[in-house]
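Work through the exercises below with the sequence and the 3D view side by side. Try each task yourself before you read its solution.

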Amino acid sequence: MSFGTHARRVRDGHLPLARRHTALRCAVERYCPLGFNATWAYLAATARPLPDMRRDPAALLRALDILEVSRSTWLEQVDAFATVRRAGKAAGQRTPHPSQTVHLRRPCWPGETAPARLGLVAAVANRRTWFRRLPYPDGTLYSDALTPHLAKLHSDLDACASTYLERLGHPDEATQETLTATARSVRALLHPGTPL
């Protein structure tokens, strides 16, 4: 089903709250600019005053409104990109410049207005809670050379998240550099053959 169908179900006051909640999750599956979990955590943090959005119909509607505004901005950006690409192809530029496609290749909230900083802080707190529940890298499952590297990546990610939360979304330069290096190392591990 389409995003619009799920959005209509979220707004349908005749449906049980559980089905409306599920419809919102399905809408987020169709459009999740930060990835599903981070987008859901952001919407939940910015839309709900209650601990559980499943019991608050007004929070469901607020979350849907936030998502729809973002999605309409994204659709405008996609249309603008398509217009630029048509012009580029007509001029003989078959492949877009990487700077033209950066917004298509990485998680980002579309538009000139950034998402609420405290909402992002809450989303990071949510994801960190999930991350800390994961098992610590088990040395018996990996080669001797890889185990210390995985342990360092794990601790670096946790330290970056901790600093981000302590500083309420304003990480210092050292944390940003550590996070960039950690992200590169994770990418290298996900693509075998890439040097660490």
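The exercises that follow concern a predicted model, and they deal with helix packing and salt bridges.

**Exercise 1. Describe how helices H7 and H8 pack: what is the angle between them, and how far apart are their axes?**

Step 1. Two packed helices are described by the angle between their axes and by the distance between those axes.

Step 2. Find the two elements, namely helix H7, which covers residues 146–166, and helix H8, which covers residues 173–190. They pack at an angle of about 140 degrees, and their axes are 10 Å apart.

Step 3. Now classify the angle. Angles over 145 degrees count as roughly antiparallel, and 65 to 115 degrees as roughly perpendicular, while the rest between these ranges counts as oblique. H7 and H8 are therefore oblique to each other.

Step 4. Add the handedness: the crossing in which H7 passes H8 is left-handed.

**Exercise 2. Which residues of H7 and H8 meet, and how many of them are nonpolar, polar or charged?**

Step 1. On the side of H7, the residues that take part are Leu 146, His 149, Leu 150, Leu 153, Asp 156, Leu 157, Cys 160 and Thr 163. On the side of H8, they meet Thr 175, Thr 178, Leu 179, Thr 182, Ser 185, Val 186 and Leu 189.

Step 2. Sorting the residues of this contact by character gives 8 nonpolar, 6 polar and 1 charged.

Step 3. Look again at Asp 156, which lies in helix H7. When its neighbours within four places in sequence are left aside, Asp 156 is in contact with Thr 178 and Thr 182.

**Exercise 3. Asp 156 and Lys 152 meet in a salt bridge; what is the N to O distance, and is each residue buried or partly exposed?**

Step 1. The side chains of Asp 156 and Lys 152 meet with an N to O distance of 2.7 Å, and the cut-off for a salt bridge is 4 Å.

Step 2. Consider the positions in the sequence. Because Asp 156 and Lys 152 are 4 residues apart in helix H7, about one helical turn separates them.

Step 3. Compare the relative accessible areas with the limit for burial, which is under 20%. Asp 156 has 16% and so is buried, whereas Lys 152 has 46% and counts as partly exposed.

Step 4. Relate Lys 152 to Thr 182: the two are 30 residues apart in sequence, and their C-alpha atoms are 9.0 Å apart in space.

**Exercise 4. How many salt bridges does the structure hold, and which parts does the pair of Arg 11 and Asp 65 tie together?**

Step 1. The count for the structure is 5 salt bridges.

Step 2. In one of them, Arg 11 pairs with Asp 65, and their closest N and O atoms are 3.1 Å apart. Since Arg 11 lies in helix H1 (residues 3–11) and Asp 65 in helix H4 (residues 57–90), the pair ties together parts that are 54 residues apart in sequence.

Step 3. Check the exposure of both partners: Arg 11 is partly exposed at 40% relative accessible area, and Asp 65 is partly exposed at 40%.

Step 4. Widen the view to include Glu 68, which is linked with Arg 11 and Asp 65 in a network of salt bridges.

Step 5. Finally, turn to Arg 30 and Glu 29, whose side chains form a salt bridge with an N to O distance of 3.7 Å. Arg 30 is partly exposed at 44%, and Glu 29 is partly exposed at 47%.

Conventions. Residues numbered from 1 in each chain as written. Predicted model: local features only at pLDDT ≥ 70, side-chain atom pairs only at ≥ 80, totals over all residues. Heavy atoms only, no water. Axes fitted to C-alpha atoms, helices over the stretch in contact; angles between N-to-C directions. Parallel < 35°, antiparallel > 145°, perpendicular 65-115°, else oblique. Left-handed = near helix turned anticlockwise from the far one by under 90°. Contact = heavy atoms within 4.5 Å. Nonpolar A, V, L, I, M, F, W, Y, C, P; charged D, E, K, R; others polar. Buried < 20%, exposed > 50% of the residue type's maximum accessible area, 1.4 Å probe, protein only.
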